[in-house]
Amino acid sequence: MGQYYNPAILADNKTTVKKWVYSHDFGNGLKLMEHSYIGNNFVTAFESLILNNPQRVVWAGDYADICKKRKTNVYDRCLDSKQLEATNAIDEFINNTSVRDTRFIINHSKKEFVDKNKVAEIKGWEGAKIHPLPLLTCEGNGRGGGDFRGNNKYVGTWARDIISVSANKPTGKFVEIYPNFKE
């Protein structure tokens, strides 16, 4: 069976969902590799939530482990009342050209960043590139159809960390990483 994902912004306790975005509202599939591409409108809409606004992020899979001291995982706690209105998100990313121009994904918890301009193209798919944000922040990958199948030590390592996107390279003691996701 296929695993479905909801990207979510979490509270500081790392389990309470503050906001989440539903892929079908943007004409995208729920499976991780159905929407994890640079330039995808669904991922771009989510990026608008963290544009120069560091938040706890998780791409929550429905097959992910249950949270400690809870009976559900994050995916199960993505309630309708916390869902981002699709029309607002669409307007925000269409009207905010700086979202489309963001080049850096920044992990403030680990002091790491990724430059999306350095992501390699997918062989056989001219111009297509796997977007690092969903894969770096996913929980439950490898447990269902449509998951990322490449061998990569970075998958899920940023889940629930404080993440932002920016047009500007972070300053200070940040280290650039090169996840180079390939299937």
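This section describes selected strands, a helix, aromatic pairs, cysteines and two individual residues. The model is predicted.

Strand E1 spans residues 5-10. Burial covers 6 of its 6 residues. Tyr5, Pro7 and Ile9 point one way from E1. Asn6, Ala8 and Leu10 point the other way. Both sets are buried. E1 has strand partners in E3 and in E2. With E3 (residues 55-61), the pairing is antiparallel and runs over 6 bridges. Within E3, Val57 is the bridge partner of Ile9. With E2 (residues 17-20), the pairing is again antiparallel, over 3 bridges. Here Ala8 has Trp20 as its bridge partner. E1 and E2 also form a hairpin, with 6 residues between the two strands. In the turn, Lys14 has a positive phi of about 70°.

Helix H2 covers residues 41-50. The helix is mostly covered, with 9 of its 10 residues buried. The buried residues are Phe42, Val43, Thr44, Ala45, Phe46, Glu47, Ser48, Leu49 and Ile50. The N-terminal end of H2 is capped by Asn40. A side-chain oxygen of Asn40 lies 2.8 Å from the backbone nitrogen of Phe42. Asn52 follows the helix and has a positive phi, near 50°.

The cap residue also takes part in side-chain contacts with Asn28. Asn28 sits in the loop between E2 and helix H1 (32-35). Its relative accessibility is 11%, so Asn28 counts as buried, the cut-off being under 20%. The side chains of Asn28 and Asn40 are joined by a polar contact of 2.5 Å. A polar contact of 2.8 Å links the side chain of Asn28 to that of Asn41. Leaving aside residues up to four places away in sequence, Asn28 touches Ser23, Glu34, His35, Asn40, Asn41 and Phe42. Asn28 therefore touches both the cap residue Asn40 and Phe42, whose backbone nitrogen the cap oxygen approaches to 2.8 Å.

Aromatic pairs number 6 in the whole structure. Trp20 and Tyr22 form one of them, with ring centres 6.1 Å apart and planes at 75°. The angle is over 60 degrees, so the pair is edge-to-face. Trp20 is buried at 4% relative accessibility. Tyr22 is partly exposed, with a relative accessible area of 25%. Another edge-to-face pair joins Phe148 and Phe181. Here the centre-to-centre distance is 5.5 Å and the angle between the planes is 80°. This pair links distant parts of the chain, 33 residues apart. Phe148 belongs to the loop between strand E6 (138-139) and strand E7 (162-166). Phe181 belongs to the segment after strand E8 (175-176). Phe148 is buried, at 2% relative accessible area. Phe181 is buried as well, at 7%. Phe26, Phe42, Phe46 and Trp59 form one aromatic cluster. Phe42 and Phe46 of this cluster are among the buried residues of H2.

The structure holds 0 disulfides. Cys67 is in no disulfide, and the nearest cysteine sulfur, that of Cys78, is 10 Å away. A disulfide requires sulfur atoms within 2.5 Å, so the separation of 10 Å between Cys78 and Cys67 is too far for a bond. Cys67 is buried, with a relative accessible area of 6%. Cys78 also counts as buried, at 10% relative accessibility.

Phe104 lies in strand E4, which covers residues 104-107. Its relative accessible area is 5%, and Phe104 is buried. Phe104 and Asp115 are 11 residues apart in sequence. In space, their C-alpha atoms are 4.8 Å apart. Residues up to four places away in sequence aside, Phe104 touches Phe113, Val114 and Asp115, among others. Its contacts also include Ser164, Val165, Ser166, Ala167, Asn168 and Lys169.

Terms used:
Residues are numbered from 1 along each chain as its sequence is written. Side-chain values use heavy atoms; hydrogens and water are left out. Buried means under 20% relative accessible area, exposed over 50%, partly exposed in between (1.4 Å probe, protein chains only). Helices (H or I, at least four residues) and strands (E, at least two) are DSSP runs, numbered from the N terminus. Two strands pair if DSSP finds at least two bridges between them. A polar contact is a pair of N or O atoms within 3.5 Å; within protein, one must be able to donate a hydrogen and the other to accept it, and residues adjacent in sequence count only if both atoms are side-chain atoms. Rings of Phe, Tyr and Trp (its six-membered ring) pair if their centres lie within 6.5 Å; planes under 30 degrees apart count as stacked, over 60 as edge-to-face and the rest as tilted. Contact means heavy atoms within 4.5 Å.
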